[in-house]
Amino acid sequence: MPSQIWPYITSGIPDELFERLPGIPLTKRETRLLLIAQLRLQADSVLWDIGAGTGTIPVEVGLLCPQGQIIAIERDEEVANLIRRNCEVFEVKNVEVVVSSAPECLSQLKKPPGRVCIEGGRPVKDILKAVWEYLPVQGRVVATASSLETLYAVSQTLAELQARNIEVVQSAVNRLETRGTQQTFAGVNPIFILSGEKLD
C-alpha cells in the first residue's frame, strides 16, 4: 500500500518531502521519473542501486514494486542512515542498505539483480563491467551522467559489453519558482540517463 506521506500509486514524490544532508546529491523528481521509466521494472524486480545518495530511487521503487527488493549501496555510514530514515518516513519495507563500495561489495550481495541503477561511484567503467557479470539475460542497467567524461565512459563501456537496445535520454526541465514578487522559470541541472540490456 502507498505510504501515509505519499498516498498515491504513481511515482514523482516532491523533492522537499525527502530528508537531506548538505552536499549529498538528490535525484530530482523529473529525472527520477525518466530513470524509473528506463529501468522497466517488473512487480518482483530485484534492483541494485549503486551510489544511492539520498535514497530517492529506493523509496520510489520500493513503493512502486512492494513485491520487489531493492539493495541500496552507499559507502558512507551517515548517508546510509539518511537512506534508512527516508525509507522509514515513507514506510518502505523492502529496501536493504549496504554500507560499502562498489564494485568490491557486489560478490557479497544476497540476491542477483534483474535491474541495476548506477547513480554514483568511481570508476564508473569498473562498476559497470562488474555488475554486468551479475545481470541475467534480459537484465537492464541504467546509469546517470552529469559530466561529459562520465557520459563518454558509460557509453563506451556499454558498447564494449555489447549491450543491446541502448538508449540515451537527456532531461531538460524548467520549474516555476517565485523570486520576490516575480514568478520565473529555473532550469534543473540536465542529466544524461543511459540504459542497455543484456541479451546474451
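Ala, Val, Leu, Ile, Met, Phe, Trp, Tyr, Cys and Pro count as nonpolar, Asp, Glu, Lys and Arg as charged, and the others, Gly among them, as polar. The exercises below use a predicted model.

**Exercise 1. The cavity**

Find which residues line the largest cavity and how they divide into nonpolar, polar and charged.

Solution.
- Step 1: The structure holds 1 cavity of 30 Å³ or more, and the volume of the largest cavity is about 50 Å³.
- Step 2: Its lining consists of Trp6, Tyr8, Ile9, Thr10, Ser11, Glu60, Leu63 and Leu64.
- Step 3: Sorting these residues gives 5 nonpolar, 2 polar and 1 charged.

**Exercise 2. The sheet**

Determine the strand order of the open sheet and explain why one side of strand 3 and of strand 6 is left without a neighbour.

Solution.
- Step 1: The open sheet has 7 strands in the order 3-2-1-4-5-9-6, and its pairing is mixed.
- Step 2: Strand 3 (95-99) and strand 6 (164-170) stand at the edges with a single partner strand each, so one side of each has no neighbour in the sheet.
- Step 3: From one strand to the next, the twist averages 15 degrees.
- Step 4: Strand 6 pairs with strand 9 (residues 192-198) in the antiparallel sense, over 5 bridges. Val168 has Leu194 of strand 9 as its bridge partner.

**Exercise 3. Helices on the sheet**

State which strands helix 1 and helix 3 touch, and give the angle for each helix.

Solution.
- Step 1: Helix 1 (residues 29-39) packs on the sheet and touches strand 1 (46-50), strand 4 (115-118), strand 5 (139-145), strand 6 and strand 9. The direction of helix 1 makes about 155 degrees with that of strand 5.
- Step 2: Helix 3 (residues 77-89) also packs on the sheet, where it touches strand 2 (69-74) and strand 3. Between the directions of helix 3 and strand 3 the angle is about 170 degrees.

**Exercise 4. The pocket**

Describe the lining of the largest pocket by residue, by element and by residue class.

Solution.
- Step 1: The largest pocket has a volume of about 1000 Å³. Of the 43 residues that line it, Pro25, Gly51, Glu119, Gly120 and Thr144 lie nearest its centre.
- Step 2: Two or more lining residues come from each of strand 2, helix 4 (124-134), strand 5, helix 5 (148-160), strand 7 (174-179) and strand 8 (182-187).
- Step 3: Strand 5 gives the most, with 3 residues.
- Step 4: By class, the lining residues are 17 nonpolar, 17 polar and 9 charged.

Key:
Residues are numbered from 1 along each chain as its sequence is written. This is a predicted model: local features need pLDDT of at least 70, side-chain atom pairs count only at pLDDT 80 or more; totals for chains, interfaces and linings use all residues. Side-chain values use heavy atoms; hydrogens and water are left out. On a 1 Å grid over the protein atoms alone, a cavity is a set of points where a 1.4 Å probe fits but cannot get out, and a pocket is an open set with protein on both sides within 12 Å along at least five of seven lines; lining residues have an atom within 4 Å of a point. Grid points are joined across faces, edges and corners, and a volume is the space filled by probe spheres set on the points. Two strands pair if DSSP finds at least two bridges between them. Helices (H or I, at least four residues) and strands (E, at least two) are DSSP runs, numbered from the N terminus. Axes are lines fitted to C-alpha atoms, for helices over the stretch in contact, and angles run from 0 to 180 degrees between N-to-C directions. Contact means heavy atoms within 4.5 Å.
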